[in-house]
Amino acid sequence: MDPQNAAKLALILDQGLVEDASRSGCWSTCHHDARTMPDAAGQEVTKYLPQTRSAISIKESPRGGWDKRKPAEELAELMKQGVFLDLIRWKSGTNTVEDGYVSAERVMEGGQGATATGTLADGVWTVTLVRKLTSDKPGDISIEPGKLYTVGFAIHDDHTNARFHHVSVNYKLGLDSAEAAINVMKK
């Protein structure tokens, strides 16, 4: 349980370079060896992308790939190519936001920054996340007209923590794009 935060909201963005993210959203970052999962490796294993590992065991125990991390040079090249998920997370207890990314691990700092406000009225949370469309910071995805991005949301409610949350998958985000499920249009 998370006594400080009655609710948390996370948003991930993929620019089409993370394997299976368009079908599985944040599920592509969750593995059996993460710190709160059934096959926890006994390490502080965070979320990671399969593309950052040389292998991932899905049948033999221990499952996962925490100990099969690719060399630093390969990981740097994946980041340079844009193989990461941009991650923004809001926490209700402090009404603050973290801006990070997921690649070889979850990093919750270093992005361009974002702001968020959340209010609770009549049992319903309303959260507004704001960030610039473009960034030159590692782990940030710049959002451009004419391109589609996979966007996913994770919601922790009732003071839940770690793996106990609701998620969305398969939403496409675009600017002035009729193809997008979430079509952001200029006023």
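**The second largest pocket and Arg-131**

The second largest pocket takes up about 380 Å³. Here a pocket is an open set of points on a 1 Å grid over the protein atoms alone, where a 1.4 Å probe fits, with protein on both sides within 12 Å along at least five of seven lines; the volume is the space filled by probe spheres set on the points, which are joined across faces, edges and corners. This is a predicted model, in which local features need pLDDT of at least 70 and side-chain atom pairs count only at pLDDT 80 or more, while totals for chains, interfaces and linings use all residues. Residues are numbered from 1 along each chain as its sequence is written, and side-chain values use heavy atoms, with hydrogens and water left out.

As for confidence, the chain has a mean pLDDT (the predictor's confidence in each residue, from 0 to 100) of 87, and 88% of its residues reach 70 or more.

Back to the pocket: 18 residues line it, and Leu-11, Leu-129, Arg-131, Ile-143 and Leu-173 lie nearest its centre; a lining residue has an atom within 4 Å of a point. Two or more lining residues come from each of strands E1 (8-14), E6 (124-130), E7 (148-156), E9 (171-175) and E10 (182-184), strands being DSSP runs of at least two residues, numbered from the N terminus. E6 gives the most, with 4 residues. By type, the lining holds 15 nonpolar residues, 1 polar and 2 charged (Asp, Glu, Lys and Arg count as charged; Ala, Val, Leu, Ile, Met, Phe, Trp, Tyr, Cys and Pro as nonpolar; the others, Gly among them, as polar).

E6 also pairs with strand E5 (residues 115-121), antiparallel over 7 bridges; pairing takes at least two DSSP bridges. The two strands make a hairpin with 2 residues between them, and Asp-122 in the turn has a positive phi of about 55 degrees. Ala-121 sits opposite Val-124 in E6.

Arg-131 lies in the loop between E6 and E7. Its side chain joins that of Asp-86 through a polar contact of 2.8 Å, and the side chain of Arg-131 also reaches the backbone oxygen of Leu-133 at 3.4 Å.

Methods
Polar contact = N/O pair within 3.5 Å; in protein donor to acceptor, adjacent residues only side chain to side chain.
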